[in-house]
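Please take a moment to look over the chain and its fold before reading on. The paragraphs below move from one residue to its surroundings, and from there to the helices, the core and the ligand.

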Amino acid sequence: MQLTTQDVQSWFEKFSDKIKENKGYLSDLDTPIGDGDHGNNMARGVNAYEESFEQKQPATMSDTIQVFSMAMISKVGGASGPLYGSALMNMVKETKQIETIDSYEQLGNLVEQGLAGIKKRGKTEFEDKTMVDVWEPVAQDLKAGSLDKDQIEKAKEHTKDLIAKKGRASYLGERSKGHIDPGAASSALFFDALVEIVKE
Ligand code: ADP
Ligand code: MG
Ligand code: MG
């Protein structure tokens with residue numbers, strides 16, 4: 001397993017495409033337990049990333065992640081923007097000195113740093129029914145040496161059973177049960193895109 005700067009750029013490109021394709025779906029998930037804008041928010045973020053990428057032409061892994069982070073922080077608007085932004089900022093720091101990611105363990109550590117950024121910024125724990133519920137199992141699975149789409153899907157689906165403790169969905173209490181968390185769904189797309197580039 002090895003990921004180059006080019007691979008990370010393909011990862012973000014695939015993620016951007018998936019967000020645009022699933023914009024309606026993500027906003028629909030956000031309608032019963034939020035304010036119905038998650039797909040639109042994320043689409044603004046990835047469009048800004050693509051524009052900024054073209055302009056800045058980042059040459060390193062760290063600079064690529066930085067461009068993505070800044071786009072999410074400045075353009076997403078909703079709660080999810082600064083949370084993805086914090087995850088990505090931690091990943092910028094973690095990749096400063098490296099040219100390639102050479103093992104699942106290293107990739108898992110990188111995702112774990114991102115996860116720590118979300119938890120700190122959002123004051124979030126596992127099973128609060130947020131994006132953390134996808135990031136955390138993915139980090140663990142990567143560190144254990146594998147990641148596939150079934151594992152990601154399971155983590156995302158599990159948010160359905162949970163009562164939201166953070167974000168807008170938490171206003172609904174018990175009534176948040178039975179719905180997939182939209183941020184967990186966009187994060188699932190993020191890691192689906194990763195699985196695709198690891199296989200290529
Ligand atoms: P907003 O709620 O401001 O409209 P979005 O709809 O773009 O923002 O994003 C909502 C998503 O953000 C939620 O589905 C959840 O995954 C995530 N989220 C919200 N608050 C937190 C938090 N404190 N910690 C982690 N994730 C959070
Ligand atoms: Mg919303
Ligand atoms: Mg909103």
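Leaving out residues up to four places away in sequence, A43 touches I19, K20 and K23. The residue A43 itself is found in helix α3, in what is a predicted model, so every value in this account is computed from predicted coordinates. A43 counts as buried because 22 other C-beta atoms lie within 10 Å, and the cut-off for that word is 20 or more. Another way to see how the fold brings distant parts of the sequence together is to look at A43 and K75, which are 32 residues apart along the chain, while their C-alpha atoms are separated by 9.3 Å.

From this single residue we can turn to a whole helix, α5, which covers residues 80-94. The 15 residues of α5 should span 21 Å at 1.5 Å a residue, and because its end C-alpha atoms are in fact 21 Å apart, the expected and the computed values agree. How much of α5 is enclosed by the rest of the structure? Of its 15 residues, 12 are buried, so α5 is largely enclosed. Among these buried residues are S80, L83, Y84, G85 and S86, and the list goes on to include L88, M89, V92 and E94. The cover over the buried residues of α5 includes α3, the helix that holds A43, together with α4 (61-75), α6 and α9.

A second helix, α7, can be read in the same manner. Helix α7 runs over residues 132-143, and its 12 residues reach 16 Å from the first C-alpha to the last, close to the 16 Å expected at 1.5 Å a residue. This helix is mostly covered, with 9 of its 12 residues buried, among them V132, V134, W135, V138 and L142, and also the charged residues D133 and E136. The buried residues of α7 pack against α6, α8 (149-158) and α9. D141, which also has its place in helix α7, counts as partly exposed because it has 19 C-beta neighbours inside 10 Å, whereas a buried residue needs 20 or more. Not counting residues up to four places away in sequence, D141 touches S146, L147 and Q151. The C-alpha atoms of D141 and Y104 are separated by 8.9 Å, although these two residues are 37 apart along the chain.

The backbone around α7 also deserves a look. Just after α7, G145 takes a positive phi of about 105 degrees. In the loop between α6 and α7 we find K123, where phi is near 50 degrees, a positive value in a residue other than glycine. The loop between α6 and α7 also holds E127, which has a positive phi of about 70 degrees although it is not a glycine. As for their surroundings, K123 is exposed, because 9 other C-beta atoms lie within 10 Å, while E127 counts as partly exposed because it has 15 C-beta neighbours inside 10 Å.

Which residues have the most contacts inside the largest nonpolar core? They are L88, V134, W135 and V138, in a core of 50 residues. The largest share of this core, 8 residues, comes from α9. In soluble globular proteins, nonpolar side chains tend to be buried together. Two of the helices described above take part here, since L88 is a buried residue of α5 and V134, W135 and V138 are buried residues of α7. Leaving aside neighbours within four places in sequence, V138 is in contact with V111, L147, I152, A155 and F191.

Finally, we come to ligand 1, which is surrounded by 23 residues, the closest of them being G78, G122, T130, G167 and G183. The shell around ligand 1 divides into 7 nonpolar, 10 polar and 6 charged residues. At least two residues of this shell are supplied by each of α3 (38-56), α5 (80-94), α6 (104-122) and α9 (182-199), and α9 gives the most, with 3 residues.

For the chain as a whole, an unreviewed UniProt entry places the feature "domain: DhaL" at residues 6-196. Over those residues the chain is 69% helix and 0% strand, and the end C-alpha atoms are 14 Å apart.

How values were computed
Residues are numbered from 1 along each chain as its sequence is written. Chains are lettered from A and ligands numbered from 1 in the order in which they are written. This is a predicted model: local features need pLDDT of at least 70, side-chain atom pairs count only at pLDDT 80 or more; totals for chains, interfaces and linings use all residues. A residue is near a molecule or strand if its C-beta atom, placed from the backbone, lies within 6 Å of it. Helices (H or I, at least four residues) and strands (E, at least two) are DSSP runs, numbered from the N terminus. A nonpolar core is a set of buried Ala, Val, Leu, Ile, Met, Phe, Trp, Tyr and Cys residues joined through C-beta atoms within 7 Å. Two residues are in contact if their C-beta atoms, placed from the backbone, lie within 7 Å. UniProt positions are given in the numbering used here, feature names are shortened, and annotations may be inferred rather than shown by experiment. The expected span of a helix is 1.5 Å times one less than its number of residues.
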